[in-house]
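Trainee: Could you take me on a close look at one part of this protein? I would like to start from a single pair of residues facing each other in a sheet and see what surrounds them.

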Amino acid sequence: MDSTPVNEECCHRMKHLALALNRAEQALRALRHRKTTLSLKNMHMEFVQEQTESGHVEGALAVAGKNTTEWGGNIAMWGILPMWRAAPPPDTVLKLQRPTPSDCWPFRGSYGEIIIEMPESLPIVKLSVEHIRPDTALSAPKHFIVFGILGDGTWMKAAFGIYEYNKPAKQYFNLNNRNVPFQQIVFRVLSNQGNMKYTCIYRIRLYTSSY
């Protein structure tokens, strides 16, 4: 006689658990959909940003600066995992595609410079510096100074900047002397994020206009 109430109670609990499980599954699906939507939205925003970066200089060349020695041989991915390879050329920093691990130009120590020769004298209003993993890479630049060189060889200080590890991988810096046409830009690293053996520069872009 007691079995009927017990069976009804068990049935009621099973229905309640099934309903709760169904709600949990719906919430999980909604959460996954939201994450996917946000991810796609972020990818779209990044794509749009890449496409709307008008005014960046194309056709430039890059060479190692004075008293700057390329670091070949044993370097590290993100400044953590050791690898063995010869150093890529300085022009690597001017590539338009997004950088991948080890796709950088490394130089010895934490002080050095790269000189960017533009196709013609142009007024540069800003530049961007990009590293693959600024939050963990000790080889990323930190303090730097930018000089512009006129066609007659005159040097002008254009900017002083700090590439910060806790900000986006691609960081923008405005330049002074915006109306002055420079033939060359010197990007001089004064310190990095802590790697005393070498510094890696992944990407530098120059812009003739803001967007």
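Mentor: Happy to! Let us begin with Ile145, which stands opposite Arg188 in E10. Please keep in mind from the start that this is a predicted model.

Ile145 and Arg188 give us a way into the pairing of two strands. Strand E7 (residues 143-149) and strand E10 (residues 181-189) run antiparallel, and six bridges join them. Now step back to the whole sheet. Its five strands come in the order E1-E5-E10-E7-E8, the sheet is open, and the pairing is antiparallel. Which strands stand at the edges? They are E1 and strand E8 (155-162); each has a single partner strand, so one side of each is left without a neighbour in the sheet. If you compare the directions of neighbouring strands here, ignoring which way they run, they are turned by 20° against each other on average.

Next, move one place along from Ile145 to Val146. What does Val146 touch, leaving aside its neighbours within four places in sequence? Its contacts include Met156, Lys157, Ala158 and Ala159, and also Ile185, Val186 and Phe187. Leu127 and Leu175 are in contact with Val146 as well.

Val146 also belongs to the largest nonpolar core, which has 29 residues. Along with Ile185, Phe187, Ile201 and Leu206, Val146 is among those with the most contacts inside that core. Several strands contribute: E4, strand E5 (112-123), E6, E7, E8, E10 and E12 each supply at least two residues. A second, separate core has six residues, including Cys104, Tyr198, Cys200 and Tyr202.

E6 and E12 in that list lead us to another sheet. This one is open too, with three strands in the order E9-E6-E12 and antiparallel pairing. Strand E9 (170-174) and strand E12 (203-207) are its edge strands, and each pairs on one side only. Here as well, neighbouring strands are turned by 20° against each other on average, direction ignored. Strand E6 (residues 126-130) runs antiparallel to E9, and five bridges join the two. For one pair to find on your screen, look for Ser128, whose bridge partner in E9 is Tyr172. While you are there, find Lys126: it lies over the face of Tyr207, 5.2 Å from the ring centre.

That ring brings us to the aromatic residues. The structure holds six aromatic pairs. Why does the pair of Trp71 and Tyr198 count as stacked? The cut-off is that planes under 30 degrees apart count as stacked. The planes of Trp71 and Tyr198 are at 25°, with the ring centres 5.4 Å apart, so the pair is stacked. This pair links distant parts of the chain, as its two residues are 127 residues apart. Trp71 is in the loop between strand E1 (61-64) and strand E2 (73-77), while Tyr198 is in strand E11 (residues 198-201). Both Trp71 and Tyr198 are buried.

Back by our starting point, Phe147 pairs with Trp155, and this pair is tilted: 5.5 Å centre to centre, with 55° between the planes. Are the two residues buried or partly exposed? Phe147 has a relative accessible area of 14%, so Phe147 is buried. Trp155, at 42% relative accessibility, counts as partly exposed. Phe187, which we met in the core, forms one aromatic cluster with Phe144 and Phe173.

Let us finish with some loops. Ser110 lies in the loop between E4 and E5, and at 18% relative accessibility Ser110 counts as buried. Not counting residues up to four places away in sequence, Ser110 touches Val189, Leu190, Ser191, Asn192, Asn195, Met196 and Thr199. Ser110 and Gln193 are 83 residues apart in sequence, yet 8.7 Å apart in space, C-alpha to C-alpha.

Two other loop residues have a positive phi although neither is a glycine. For Asn67, in the loop between E1 and E2, phi is about 55°. For Ser102, in the loop between strand E3 (81-85) and strand E4 (105-108), phi is about 75°. Are they buried or exposed? Asn67 is exposed, with a relative accessible area of 70%, whereas Ser102 is buried, at 18%.

Notes. Residues are numbered from 1 along each chain as its sequence is written. This is a predicted model: local features need pLDDT of at least 70, side-chain atom pairs count only at pLDDT 80 or more; totals for chains, interfaces and linings use all residues. Side-chain values use heavy atoms; hydrogens and water are left out. Rings of Phe, Tyr and Trp (its six-membered ring) pair if their centres lie within 6.5 Å; planes under 30 degrees apart count as stacked, over 60 as edge-to-face and the rest as tilted. Helices (H or I, at least four residues) and strands (E, at least two) are DSSP runs, numbered from the N terminus. Buried means under 20% relative accessible area, exposed over 50%, partly exposed in between (1.4 Å probe, protein chains only). A charge sits over a ring if NZ of Lys or CZ of Arg is within 6 Å of the ring centre and within 35 degrees of the ring normal. Two strands pair if DSSP finds at least two bridges between them. Axes are lines fitted to C-alpha atoms, for helices over the stretch in contact, and angles run from 0 to 180 degrees between N-to-C directions. A nonpolar core is a set of buried Ala, Val, Leu, Ile, Met, Phe, Trp, Tyr and Cys residues joined through side-chain atoms within 4.5 Å. Contact means heavy atoms within 4.5 Å.
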